[in-house]
Amino acid sequence: MKLFFKSTLAIAIGFVFLSATGCSNDKTRDISSAPGSADRGSSADRSPSASNATDKDFAVIAAQAGMAELELGNLAQTQGSDDRIRNYGKKLVEDHAKLNNELKDIAAKQALTLPADVNSDQRKAIDSLSRRSGAQFDNEFWKTAVDDHAKAIEEFRKEAAMGGNQALKGFASKSIPSLEDHLQMAQNKRAN
């Protein structure tokens with residue numbers, strides 16, 4: 001019985017040793033090939049190959065969302081029934097024009113292709129709003145502003161957490177507070 005116990009203990013220690021050795025080699029390999037390791041970090045802002053599928057999807061979504069917010073902001077300024085909605089529209093145009101230009105600059109440096117227009121769902125929402133006026137416009141606008149900014153924040157957070165392109169990750173991280181501010185303003189005004 002003692003011999004069986006000693007043999008089992010020796011085998012177990014051998015497996016632990018082999019596992020530990022194998023894990024340490026894997027860790028070394030993972031660290032040296034990790035995205036963002038020192039040898040790749042300096043070229044992240046210039047290299048289009050530093051973009052993964054998440055980055056490319058984000059760039060398209062962010063560009064379309066930004067263009068939609070510009071159009072919605074312009075509509076709010078011309079069709080809003082009171083100063084609150086018109087001022088909010090002005091803020092959207094100012095903030096999103098700036099964000100859109102930053103994204104265009106990053107895309108040009110990264111050789112990323114951005115869409116020229118909003119997606120079909122955004123176009124439907126914009127067209128629907130353009131046919132509204134008064135309280136009907138205001139109610140639909142606030143709902144759209146809340147929904148759009150909540151979706152955008154989710155996408156920007158995803159990029160900030162999972163993106164491989166440092167320029168896009170930085171853009172996403174830096175933009176989140178502005179988007180959260182827009183969302184908070186729309187939620188507060190919608191509730192009033």
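A salt bridge here is a side-chain nitrogen of Lys or Arg within 4 Å of a carboxyl oxygen of Asp or Glu. With that in hand, welcome to a few close-up views of this predicted model.

**Figure 1. The whole chain is built from helices, with seven of them and zero strands.** Reading along the sequence gives the pattern α-α-α-α-α-α-α. Of the 192 residues in the protein chain, 35% count as buried. The accessible surface comes to about 11,400 Å², and carbon and sulfur atoms hold 57% of that area. Among contacts with a separation of 6 or more, 77% are between residues 24 or more positions apart.

**Figure 2. Glu71, Asp117, Arg123 and Asp127 are joined in a network of salt bridges.** If you like to count interactions, the model has eleven salt bridges by this rule. The next two views take up pairs from the network.

**Figure 3. Arg123 and Glu71 form a salt bridge, with their closest N and O atoms 2.9 Å apart.** This pair ties together distant parts of the chain: Arg123 belongs to helix H5 (residues 120–130) and Glu71 to helix H3 (residues 53–79), and the two are 52 residues apart. How accessible is Arg123? Arg123 has a relative accessibility of 23%, so this residue counts as partly exposed. Glu71 is partly exposed too, because its relative accessible area is 26%.

**Figure 4. Arg123 also forms a salt bridge with Asp117.** Here the closest N and O atoms are 3.1 Å apart. Asp117 has a relative accessible area of 39%, so Asp117 counts as partly exposed. Both Arg123 and Asp117 are members of the network shown in Figure 2.

**Figure 5. In another close-up, the side chains of Lys91 and Asp95 meet in a salt bridge at 3.1 Å, N to O.** Why are these two separated by about one helical turn? Lys91 and Asp95 are separated by about one helical turn because they sit four residues apart in helix H4. For Lys91, the relative accessible area is 26%, so Lys91 is partly exposed.

**Figure 6. A closer look at Asp95, a residue of helix H4 (residues 83–110).** Is Asp95 buried or exposed? Asp95 counts as buried, because its relative accessibility is 19% and the cut-off for buried is under 20%. Which residues does Asp95 touch beyond its neighbours within four places in sequence? With those neighbours set aside, Asp95 is in contact with Ser178 and His182. Within helix H4, Asp95 has Lys91 as a salt-bridge partner.

Notes
Residues numbered from 1 in each chain as written. Predicted model: local features only at pLDDT ≥ 70, side-chain atom pairs only at ≥ 80, totals over all residues. Heavy atoms only, no water. Buried < 20%, exposed > 50% of the residue type's maximum accessible area, 1.4 Å probe, protein only. Contact = heavy atoms within 4.5 Å. Areas by Shrake-Rupley, 256 points an atom, 1.4 Å probe, with all protein chains shown as cover.
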